[in-house]
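Trainee: I would like to go through this structure by asking how each label is earned.
Mentor: Good. Here it is.

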Amino acid sequence: MIENRPWLTAISHLSLLLGIAMVALPVWVALVASTHPTEAFGSGEIPLWFGDQAIQNWGAVLFAKAGNGIDVPVWSMMLNSLVMALGITIGKIAISILSAYAIVFFRFPFRGTAFWVIFITLMLPVEVRIVPTYEVVANLDMLNSYSGLVLPLIASATATFLFRQCFMTVPGELVEAARIDGAGPIRFFFDILMPLSRTNIAALFVIMFIYGWNQYLWPLIVTTDDAYYTLVMSIKRMLSVEQGDVEWNQVMVTTLLAMLPPVLVVVGMQKLFVKGLVDAEK
Amino acid sequence: MSVHFPQKKLPYLLLLPQLVITFIFFLWPAEQAIEQAFYQEDAFGLSREFVGLDNFIDIFQDPQYYTSIGVTLIFSFSVAFLGMALALWLAVMADRVIRGKLAYQTLLIWPYAVAPALAGVLWWILFDPSMGPVALWLETVGVEWNHFLNGDQAMILVVISATWKQISYNFLFFLAGLQAVPRSLIEAAAIDGASPAKRFWDIVFPLLSPTTFFLLVVNLVYAFFDTFGVIDATTQGGPGVSTATMVYKVFNDGFIGLDLGSSAAQSVVLMGLVGIMTVVQFRYIERKVEY
């Protein structure tokens, strides 16, 4: 604060509150919509205050079946989303940390080539190579499977670069000391490097979890079996029933449940989240 | 790093998992897309013939392809501009306040975690022509809202949904940028009698230019590639092709239209585009746009 300008401070608070209200508006409407019976939406207007069907709607969607043509309950799709998100997160971190370790702490022929091959993946987001990737996965017989959901998404140049950056700051003396004390590369990795990169791993975990949970296009095309539907993509299936027959209350419950876990992660681990976001974009 | 481990085989073993995944799921499909782009395949996938550059010539002679380029540009720049302007305003305000800064930040950043498809659905229901509160309110002020029929309105809807989700990201980076502006400069300007608005435009905004440029690139990449869900869940490229971006068209021509050759050629064009954007991002952000 440079000088005291009470009016400007009031405007600041007002703008921020307005911003928060705008950001929260759709969620408020979704929350209200999720508490009304299906008939309420035919009358031509979404009610603006809560109804009395909250427990029935939420209970039915969570435990019985999601509705709108999907016969499995939300909790089972939530489990699929969780498996996919954790698979992608852990897979990405594991393979990236290993390859970054190889690139920084060893000298070997084709080291530069390996680095470039990893770099190229930055230029091939799944949206761009969607049709041929689908064919490859179909050829490998991985449609409708967890490995089909996870594997094509886990190579990550970003994570490899991040770990490379972080490993390069480790002083050479540390490696020398470890070698003099008789620690081999494996021991060095687990006893020295891993503890040093703990916060980086945690921050990356938060970002990658959100990325994995929110995957949409890929699960949409590789799963045709309800049993492998993930929560985020199920919305599309729920909306593809005949126009006018969409049961909005159920769609809204599913939408809210689908956004809840990653939002909780962001709010609950805000510090790590911000660190991960800033690191990942360097 | 000047000290290394002497093992010769271990590093290959360590690199193996990532390289295998990269080859099978990234390089092989990319190679197939490039190959496919030079072939014409019948819709059943039974036979195909080499057609050289015909697929590329076709897409660049197809007026629909230029429409999709136009749609992509309008969509991306609208999202980037709107998202950055709103986020900058909020970040400047948040940088001023002392009380409740963290609470404001928390309440503003959570939409980052919402999947684009869900953001689309949330805004769809607000704007639904027959029951959405915003659409009904627009009707009372004389705007006939129906994004299922009106292409411009469909575009506005997807831009709003995509922007809503991106504000949080821009906000965090702008806030960090603002906090890095040296206080002494602003104090000096204040003593010289510069008003808050003048201080912002003459000192703070120019100093923010590295952040702004970085965010511009990131936002364009986001709008190009990560917003597929918004469009697919709300408008499906419609009405007509008024919200069909280039990425949406690759998917639509490949999976729905089964025109694999054309879809592959479009993929190759997009790969080139991502390549350029990646290089720009690395070149200029490594060097930083700095004063």
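**Labels and their grounds**

Mentor: Of the 291 residues of chain B, 42% count as buried. Keep in mind that this is a predicted model.

Trainee: What makes a residue of chain B count as buried?
Mentor: The cut-off is 20 or more other C-beta atoms within 10 Å of its own C-beta. In chain B, 42% of the 291 residues reach that cut-off.

Trainee: Which residues of α5(B) are buried?
Mentor: The run begins with Pro116(B), Ala117(B), Leu118(B), Ala119(B), Gly120(B) and Val121(B). Leu122(B), Trp123(B), Trp124(B), Ile125(B), Leu126(B) and Phe127(B) are buried too.

Trainee: Why is α5(B) called largely enclosed by the rest of the structure?
Mentor: Because 12 of its 12 residues are buried. Each one therefore meets the 20-atom cut-off.

Trainee: How do you know that the length of helix α5 of chain B agrees with its number of residues?
Mentor: Take 1.5 Å times one less than the number of residues. For the 12 residues of α5, residues 116-127, that gives an expected 16 Å. The end C-alpha atoms are 17 Å apart, so the two agree.

Trainee: On what grounds are residues 102-126 of chain B called a transmembrane region?
Mentor: The name comes from UniProt, in an unreviewed entry. Such annotations may be inferred rather than shown by experiment. The entry also covers residues 12-30, 65-90, 203-225 and 264-285 of chain B. In the model, residues 102-126 of chain B are 76% helix and 0% strand, with end C-alpha atoms 29 Å apart. For residues 203-225 of chain B, the values are 96% helix, 0% strand and 34 Å.

Trainee: What does the model show for residues 7-31 of chain A?
Mentor: That span is 100% helix and 0% strand, and its end C-alpha atoms lie 35 Å apart. UniProt lists residues 7-31 of chain A as a transmembrane region, again in an unreviewed entry. Residues 248-267 of chain A are on that list as well. They are 100% helix and 0% strand, with 27 Å between the end C-alpha atoms.

Trainee: How many residues of chain A are in contact with chain B?
Mentor: The contact cut-off is 7 Å between C-beta atoms. By that test, 82 residues of chain A touch 83 residues of chain B. Helix α1 of chain A, residues 6-33, gives the most to chain A's side, with 14 residues. By class, that side has 59 nonpolar, 14 polar and 9 charged residues.

Technical notes. Residues numbered from 1 in each chain as written. Chains lettered and ligands numbered in written order. Predicted model: local features only at pLDDT ≥ 70, side-chain atom pairs only at ≥ 80, totals over all residues. Helix = DSSP H or I, 4+ residues; strand = E, 2+ residues; numbered from the N terminus. Contact = placed C-beta atoms within 7 Å. Nonpolar A, V, L, I, M, F, W, Y, C, P; charged D, E, K, R; others polar.
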